[in-house]
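Okay, thanks for making time, everyone. I'd like to walk through one model today and talk about how its pieces sit against each other. Let me put it up on the screen.

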Number of protein chains: 2
Amino acid sequence: MARTREFDLDAAVDAAMDVFRSKGYEGTSMRDLSEATGLGSGSIYAAFGSKDGLYLAVLDLYRQRYATPMVDLLRSGNDARAVIREVFIGTVDDITGDGRHLSCLIVGASMERAHQDVRVAERLRSTTQSLELALYDLLAEAQLRGQITTDRSATDLAGFLVTSLQGLRVMGAINPDRAALTRYAEVALTCLD
Amino acid sequence: MARTREFDLDAAVDAAMDVFRSKGYEGTSMRDLSEATGLGSGSIYAAFGSKDGLYLAVLDLYRQRYATPMVDLLRSGNDARAVIREVFIGTVDDITGDGRHLSCLIVGASMERAHQDVRVAERLRSTTQSLELALYDLLAEAQLRGQITTDRSATDLAGFLVTSLQGLRVMGAINPDRAALTRYAEVALTCLD
DNA sequence: CGCTATCTGGAACGATCGTCAAAGTATCGC
DNA sequence: GCGATACTTTGACGATCGTTCCAGATAGCG
């Protein structure tokens with residue numbers, strides 16, 4: 001019928017993600033995105049419609065790549081304390097992983113885009129809620145087994161843990177000190193005692 | 001000698017702060033700042049040199065207005081638990097205070113500007129460090145008096161509390177639910193037990 | 001009351017913004 | 001191999017960006 005698309009859509013979104021993470025939404029120009037993806041601006045507009053459209057695609061990929069595995073890990077059926085610690089350590093690793101200063105797209109979007117674009121706000125709420133819910137199920141079960149404190153509701157504990165994860169992202173952006181962030185995470189985990 | 005400056009510099013910085021808080025750095029144009037301050041662009045450039053210069057002035061005012069009083073409160077000599085709770089409640093109030101969606105300049109700057117402008121990064125580190133230090137002094141004293149746990153060092157506890165405050169800012173931007181944020185803050189405070 | 005130094009607002013600068021139309025190119029069914 | 005179709009590239013669009021400059025306004029000094 002016609003000419004087939006030559007580039008990999010997912011790879012383009014992937015490349016765009018790095019740019020948005022390091023420069024933010026407003027700080028990123030379509031020319032930046034053209035260079036990073038290797039596509040002409042026409043191709044980008046054909047595939048995503050607009051800069052906003054590409055940003056939303058990036059946000060969805062980010063959620064799929066980082067949030068979903070986290071939820072899966074929490075629902076893997078392993079020991080509650082162990083998997084939660086793993087999630088925290090994984091987050092610290094992600095923050096201090098390389099020197100490329102790629103800040104968290106979720107936190108960045110919360111600050112820069114949530115108040116401007118309702119579709120971004122919806123995605124952010126959905127992401128944090130699914131994370132909170134996975135934590136809730138895990139914590140409620142652990143409470144029944146007497147493995148963690150029952151002084152606080154599983155709902156509050158889950159929300160607190162997500163809050164701590166977001167806080168680590170911010171602190172990591174200010175000072176990417178892996179050892180310090182790890183210790184802060186350890187303190188957060190003591191709230192389960 | 002000559003004509004005197006007609007406008008109040010601090011008032012201009014104040015007005016500019018609201019714009020930066022609601023639109024971010026890149027999302028704010030000089031025209032936005034002109035309208036908000038009521039100044040011509042010439043006056044702004046004469047007073048601050050550049051958009052960056054005005055942003056730094058805004059950041060300094062923000063630190064002076066929010067961080068400094070917080071540190072003063074922590075050093076007021078009152079009961080550790082009480083003042084720390086007061087700081088957390090004050091932060092939640094600030095987040096959910098009005099419907100104007102003014103996000104925290106510190107967190108916003110961490111995400112959007114810290115990696116681009118070294119002067120911003122320095123100010124952010126200085127602000128969090130002075131906050132951590134005030135908390136450290138307060139917590140170390142409380143530990144000596146046996147008022148809080150000694151399972152964790154005062155350094156780690158202080159860093160954790162600042163992390164939690166930053167996390168509350170992010171969560172508040174995603175979902176400004178005062179009751180929920182308050183409960184998350186309460187959980188964070190249980191780490192002192 | 002001029003003179004002059006400084007401040008003020010706004011016009012105008014080149015550069016870059018997000019967007020899109022048009023031309024060129026490659027692929028498929030026939 | 002040819003027409004039809006869809007993708008890619010290019011460059012230019014008007015708007016807006018941060019910045020600068022300039023003419024007019026205003027205050028203190030002699």
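So, let's begin with the symmetry. If you take chain B and rotate it by 180 degrees, with 0.0 Å of shift along the axis, it superposes on chain A with an RMSD of 0.0 Å. The two copies are thus related as by a two-fold rotation axis. If you want to find that axis on the screen, look for B:Gly167: in chain B, its C-alpha is the nearest to the axis, at 1.8 Å. And both copies use the same surface, with 100% of the contact residues of chain B turning up again in chain A. Please keep in mind that this is a predicted model.

Now, the overall build of one chain. What is the secondary structure of chain A made of? Nine helices and zero strands. Going along the sequence, you just read α-α-α-α-α-α-α-α-α. As for dimensions, the C-alpha atoms of chain A fill a box of roughly 60 × 40 × 30 Å along the principal axes.

One bit of annotation before the packing. UniProt, in an unreviewed entry, lists residues 29-48 of chain A as "DNA-binding region". In the model, that span is 80% helix and 0% strand, and its end C-alpha atoms lie 15 Å apart.

Okay, helix packing. I'll take three pairs, and I'll start in chain A with α7 and α8. Helix α7(A) covers residues 118-144 and α8(A) covers residues 154-174; they pack at about 130 degrees, with their axes 8 Å apart. Why call them oblique rather than antiparallel? Roughly antiparallel needs an angle over 145 degrees, and this pair has about 130, so α7(A) and α8(A) count as oblique to each other. The crossing is right-handed. On the α7(A) side you have residues including A:Leu131, A:Leu135, A:Tyr136 and A:Leu139, and on the α8(A) side the contacts include A:Leu157, A:Leu161, A:Val162 and A:Leu165. By class, that contact splits into eleven nonpolar, five polar and one charged residue.

Stay with α7(A), but look at its other partner here, α5(A), residues 80-96. These two axes come within 10 Å and cross at roughly 150 degrees, so α5(A) and α7(A) are roughly antiparallel to each other. The handedness of this crossing is left. Who's touching whom? From α5(A) it's A:Ala80, A:Val83 and A:Ile84, and they meet A:Leu135, A:Leu138, A:Leu139 and A:Ala142 in α7(A). That makes seven nonpolar residues, with no polar and no charged ones. Notice that A:Leu135 and A:Leu139 appear here, and they also appear in the contact with α8(A).

Last pair, and for this one hop over to chain B. Helix α4(B), residues 51-74, packs on α5(B), residues 80-96, at about 155 degrees, and the axes are 9 Å apart. That angle therefore makes α4(B) and α5(B) roughly antiparallel, and their crossing is right-handed. α4(B) brings B:Tyr62, B:Tyr66, B:Met70, B:Leu73 and B:Leu74, while the α5(B) residues they meet include B:Val83, B:Ile84, B:Val87 and B:Asp94. Sorted by class, this contact has eight nonpolar, one polar and two charged residues.

That's my tour. Happy to rotate the view if anyone wants another look.

How values were computed: Residues numbered from 1 in each chain as written. Chains lettered and ligands numbered in written order. Predicted model: local features only at pLDDT ≥ 70, side-chain atom pairs only at ≥ 80, totals over all residues. Heavy atoms only, no water. Axes fitted to C-alpha atoms, helices over the stretch in contact; angles between N-to-C directions. Helix = DSSP H or I, 4+ residues; strand = E, 2+ residues; numbered from the N terminus. Parallel < 35°, antiparallel > 145°, perpendicular 65-115°, else oblique. Left-handed = near helix turned anticlockwise from the far one by under 90°. Contact = heavy atoms within 4.5 Å. Nonpolar A, V, L, I, M, F, W, Y, C, P; charged D, E, K, R; others polar. Least-squares fit on C-alpha atoms with pLDDT ≥ 70 in both. UniProt positions renumbered as here; feature names shortened; annotations may be inferred.
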